[in-house]
Amino acid sequence: MSWGTELWDQFDNLEKHTQWGIDTLEKCIKFVKERTEIELSYAKQLRNLSKKYQPKKNSKEEEEYKYTSCKAFISTLNEMNDYAGQHEVISENMASQIIVDLARYVQELKQERKSNFHDGRKAQQHIETCWKQLESSKRRFERDCKEADRAQQYFEKMDADINVTKADVEKARQQAQIRHQMAEDSKADYSSILQKFNHEQHEYYHTHIPNIFQKIQEMEERRIVRIGESMKTYAEVDRQVIPIIGKCLDGIVKAAESIDQKNDSQLVIEAYKSGFEPPGDIEFEDYTQPMKRTVSDNSLSNSRGEGKPDLKFGGKSKGKLWPFIKKNKGATPEDFSNLPPEQRRKKLQQKVDELNKEIQKEMDQRDAITKMKDVYLKNPQMGDPASLDHKLAEVSQNIEKLRLETQKFEAWLAEVEGRLPARSEQARRQSGLYDSQNPPTVNNCAQDRESPDGSYTEEQSQESEVKVLATDFDDEFDDEEPLPAIGTCKALYTFEGQNEGTISVAEGETLYVIEEDKGDGWTRIRRNEDEEGYVPTSYVEVCLDKNAKDS
């Protein structure tokens with residue numbers, strides 16, 4: 001089965017078929033290219049999806065991912081990220097092993113096809129030229145034969161005419177001989193050219209064209225084989241990543257199996273346990289006799305001290321109602337006094353650990369600057385040692401501030417753990433949030449007392465206890481009124497308020513002052529109704545209103 005013998009007369013159709021074969025190959029390349037684009041797009045969408053549901057750093061959402069179910073979900077997101085990577089591998093391998101290879105092969109195929117059909121056209125042109133020569137020789141031979149016949153007839157006519165001179169007869173005879181000789185020469189030439197043409201035609205149809213068409217057939221068969229190999233590669237590229245994709249899926253299954261519902265339940269206890277005991281029974285109050293009652297040892301309320309009477313609100317104990325009283329809204333106190341004891345202890349411990357890390361970071365920076373200064377001192381050409389003094393002083397000042405902050409939080413932590421007595425008013429002042437969290441109200445006086453919900457209430461004097469009306473109880477449910485602005489301030493430097501109770505400001509920003517520095521180095525400011533907090537007094541330029549100064 002050879003195209004050279006079977007399709008010897010189908011030159012034009014073979015030319016069209018081979019061009020179709022190249023178009024088919026280019027179509028395969030385009031298909032694989034679009035597949036790689038789909039794989040890349042799919043991988044990108046998977047990565048974006050995984051990133052979208054990852055917990056944000058330093059957010060409440062991140063804290064929630066301590067549960068095993070949430071950890072399993074994070075593992076699933078990470079596995080999906082790796083899963084997306086395998087689709088990127090598919091795209092890369094298809095591009096390098098199929099697209100690039102086939103694109104190069106197509107160029108070689110086009111060049112080979114062009115060369116083969118060029119040889120075929122050249123052979124066609126040669127046989128056509130031989131045919132034209134044959135036709136020309138044949139016409140010349142035919143013409144010479146006719147001329148010889150006419151010359152012979154003219155000679156015979158002249159020879160038979162008695163009136164014609166002998167010279168004219170001889171002349172006609174010579175002319176007839178010449179024509180006969182020309183006809184013989186044309187015949188010999190025609191015979192030679194015909195023999196040559198037959199030889200060339202035999203070579204054309206039995207040698208040249210079969211050879212050329214055989215090359216074209218082999219070229220086309222190689223193209224077909226190449227398509228098959230590309231299809232196999234296409235499948236193998238997918239098959240190679242199946243084990244890794246299987247591992248990703250196994251990782252998801254393993255993460256799902258690691259979920260421990262009992263452990264998660266225990267974490268809920270640790271997260272929300274207040275540390276209080278349930279309240280005891282409420283005693284019967286007999287209004288027919290003088291009102292006197294004692295606080296149950298198992299009550300939610302803490303001991304008020306020896307010999308002090310209970311604070312009454314319309315005949316009901318405020319201590320018994322603490323779990324149902326609406327908590328004050330506003331910024332979280334710096335000392336976390338709004339939290340239950342157990343939760344407060346955890347927050348304070350976490351804060352102390354963070355401050356210690358920041359102190360260590362600043363100390364490392366100070367050591368690095370000191371070493372650099374020593375290098376400058378030994379090698380003045382490398383830099384001016386005095387240029388580092390400002391930075392060194394700034395770092396030392398930061399360390400001192402952080403140490404003061406750490407001492408403050410450690411004191412609160414010790415208080416919660418029972419190592420220190422209750423805080424003094426001065427300690428509350430140092431927190432920078434005393435006035436904002438504890439405005440003067442009926443139940444906020446001189447001495448602190450921790451309530452069951454973790455907030456601090458103040459002891460009442462015996463005299464104020466008598467004057468309290470039942471309506472004062474409803475005041476507990478009212479939201480805290482925002483403090484009025486007493487002036488404005490302009491930020492001299494940018495301050496990142498990372499700790500609770502502080503607020504971030506940008507250099508040059510103008511804000512409202514709602515509380516002056518109480519001697520602890522902090523000024524309370526407000527940006528809008530929902531954003532307020534403390535900034536270092538040295539970071540802002542304060543301008544108080546005249547009325548505020550007079551008051």
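The following exchange goes through a predicted model of this protein, from its overall make-up to a few single residues.

Colleague: How many helices and strands does the protein have, and what percentage of its residues count as buried?

Modeller: In this predicted model, the protein has 13 helices and nine strands. A residue is taken as buried when its relative accessible area is under 20%, and of the 551 residues of the protein the share that counts as buried is 34%.

Colleague: What share of the exposed area do carbon and sulfur atoms supply?

Modeller: The area that the protein exposes comes to about 35300 Å². Of this area, the part supplied by carbon and sulfur atoms is 52%.

Colleague: Which residues of helix α6 are buried, and which helices are among the elements that cover them?

Modeller: Helix α6 runs over residues 261-272 and reaches 17 Å from its first C-alpha to its last, close to the 16 Å expected for its 12 residues. Its buried residues are Asp264, Leu267 and Ala271, and they lie on the same side of α6 because they cover an arc of only 55° around the axis. This agrees with a general rule: an α-helix has 3.6 residues a turn, so residues three or four places apart point the same way. The cover over the buried residues of α6 includes α4 (68-160) and α8.

Colleague: At the start of α6, which backbone nitrogen does a side-chain oxygen of Asp260 reach?

Modeller: The side-chain oxygen of Asp260 comes to within 3.1 Å of its partner, at the start of α6. That partner is the backbone nitrogen of Lys262.

Colleague: Is Leu388 buried or exposed, and which residues is it in contact with beyond its neighbours within four places in sequence?

Modeller: Leu388 is found in the loop between α8 (341-378) and α9 (389-416), and with a relative accessibility of 12% it counts as buried. Leu388 and Ile369 are 19 residues apart in sequence, while their C-alpha atoms are 7.1 Å apart in space. Leaving aside neighbours within four places in sequence, the contacts of Leu388 are Ile369, Met372, Lys373 and Tyr376.

Colleague: Why is strand β8 described as largely enclosed, and which residue of β8 stands opposite Arg524?

Modeller: Strand β8 covers residues 532-536, and four of its five residues are buried, so the strand is largely enclosed by the rest of the structure. Strand β7 (residues 522-526) pairs with β8 in the antiparallel sense over five bridges, and a hairpin of five residues joins β7 to β8. Within β8, the residue that stands opposite Arg524 is Tyr534.

Colleague: With which side chain does the side chain of Glu515 make a polar contact?

Modeller: Glu515 is found in strand β6 (residues 510-515), and its relative accessible area of 7% means that Glu515 is buried. The side chain of Glu515 makes a polar contact at 3.3 Å, and the partner is the side chain of Tyr534.

Colleague: How exposed is Asn78, and at what distance does its side chain make a polar contact with the side chain of Gln54?

Modeller: Asn78 is found in helix α4 and is partly exposed, with a relative accessible area of 37%. Not counting residues up to four places away in sequence, Asn78 touches Ser50 and Gln54. Asn78 and Gln54 are 24 residues apart in sequence, with their C-alpha atoms 9.0 Å apart, and the polar contact between their side chains is at 3.1 Å.

Technical notes
Residues are numbered from 1 along each chain as its sequence is written. This is a predicted model: local features need pLDDT of at least 70, side-chain atom pairs count only at pLDDT 80 or more; totals for chains, interfaces and linings use all residues. Side-chain values use heavy atoms; hydrogens and water are left out. Helices (H or I, at least four residues) and strands (E, at least two) are DSSP runs, numbered from the N terminus. Buried means under 20% relative accessible area, exposed over 50%, partly exposed in between (1.4 Å probe, protein chains only). Contact means heavy atoms within 4.5 Å. Accessible areas come from the Shrake-Rupley method with a 1.4 Å probe; for residues, only the protein chains shown count as cover. Two strands pair if DSSP finds at least two bridges between them. The expected span of a helix is 1.5 Å times one less than its number of residues. The arc is that of the directions from the helix axis to the C-beta atoms. A polar contact is a pair of N or O atoms within 3.5 Å; within protein, one must be able to donate a hydrogen and the other to accept it, and residues adjacent in sequence count only if both atoms are side-chain atoms.
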